[in-house]
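Biologist: Please show me the model, and then I will ask what lies behind the terms used for it.

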Amino acid sequence: MADPYATLGVSRGASEDEIKKAYRKLAKELHPDRNRDNPKAAERFGTVAQAYELLSDKDKRARFDRGEIDSDGNPTSPFGAGFGGGGRTQGGFRPGGGGFDFGSGGGDPDIGDIFEGLFGGRAGSQAGGFSSGFGRRPPPAKGANIAYRLRVPFEDAAALKPQRIQLRDGGTIDLKLPKGVETGTQMRLGGKGDAGPGGNGDAIVTIEIEPHRFYTRDGDHIRLDLPVTLKEAVEGAAVRVPTPEGAVSLKVPAGSSSGKTLRLKGRGFHGKNARGDLLVSLMIEIPAHDAKLAAFVADWDAEENPRARLGV
């Protein structure tokens, strides 16, 4: 994979918020649902997700910055691209005595051949408990990660109901949603990616919470406009209110006006530390053609000006 910073289009000194913002922007642009006729976009979507996975992990990011692992998370070679770098080291190791010989010409030494001659095996083998340490190769790479997009019903996300996802190989897994789940939350399924010489890659599942026809999300809270009759608002009443986990009873205080907000504790989304509430705003519905109501208001002259606080 390319440099993860370049993949996300951020500098190496970018903050966590800058990295997260860049990822969300790219994930939205490259989402497979928006690029059904562009397979390269879907491929890049997976690359972006992999880059974000590395840079969002503080430990992995620090190890990558120090050159201990590559952009795929695999350990790097202890000598980088090769032994000796740009400066040429002459000669080699002289087993007959005198240690290293820096005087002879003839090109750079073959480290593997040197240690094979000394210890009777390839570089990196052990003899008598001694490990050469030179020429050690990184472990074989794992298979590629596979990106999935899982659409979750609003009420299921609020209640953290398990979700079943079908994998590319035809298998299914029931996912347990985490607290604090939101659109863009990613879940990793170890070993559910493509096969590779070093083992299977992972499945990266990005959550997308579907909008609801009458609920709206406000952080960990849920907002709901609840229609009530004029009689219920004037006299007060116990009314039924829908919640993500079933209807409950709510007491409407007498003399309630439209816009009055009542709170149902613990009926919102599960946050990482606590659960949010359901915030119910009362909306008084007036029937369009009610003769008795029309006759009542015709003889009713309210002395209070409800717009006085607006200065009119």
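Modeller: Start with one bridge: Val239 has Leu250 in β13 as its bridge partner. The model is predicted, so local features need pLDDT of at least 70 and side-chain atom pairs pLDDT 80 or more, while totals for chains, interfaces and linings use all residues. Residues are numbered from 1 along each chain as its sequence is written, and side-chain values use heavy atoms, without hydrogens and water.

Biologist: Why are β12 and β13 called paired strands?

Modeller: Strands are DSSP runs of E with at least two residues, numbered from the N terminus, and two of them pair if DSSP finds at least two bridges between them. Strand β12 (residues 237–241) and strand β13 (residues 248–252) have five bridges, in the antiparallel sense, so they count as paired. Their hairpin has six residues between the strands, and Gly246 there takes a positive phi near 120°.

Biologist: What makes β10 and β14 edge strands?

Modeller: The open sheet runs β10-β11-β15-β14, with mixed pairing. β10 (215–218) and β14 (261–264) each have a single partner strand, so one side of each lacks a neighbour in the sheet. Neighbouring strands here are turned by 35° against each other on average, direction ignored. β14 pairs with strand β15 (residues 278–285) in the antiparallel sense over four bridges; one of these partners is Leu278 in β15, matched with Leu264.

Biologist: How do you know that β5 and β9 are paired?

Modeller: Seven bridges join β5 to strand β9 (residues 203–209), in the parallel sense, so the requirement of at least two is met. In β9, Thr206 is the bridge partner of Arg149. The open sheet here has three strands in the order β5-β9-β8 and mixed pairing. β5 (146–152) and β8 (186–189) are its edges, because each has a single partner strand.

Biologist: Why is α3 called roughly perpendicular to α4?

Modeller: Helices are DSSP runs of H or I with at least four residues. Axes are lines fitted to C-alpha atoms, for helices over the stretch in contact, and angles run from 0 to 180 degrees between N-to-C directions. Under 35 degrees counts as roughly parallel, over 145 as roughly antiparallel, 65 to 115 as roughly perpendicular and the rest as oblique. Helix α3 (residues 39–55) and helix α4 (residues 58–65) pack at about 95°, with axes 6 Å apart; that makes α3 roughly perpendicular to α4.

Biologist: Which residues of α3 and α4 meet?

Modeller: Glu53, Leu54 and Leu55 in α3 meet Lys60, Arg61 and Phe64 in α4, where contact means heavy atoms within 4.5 Å.
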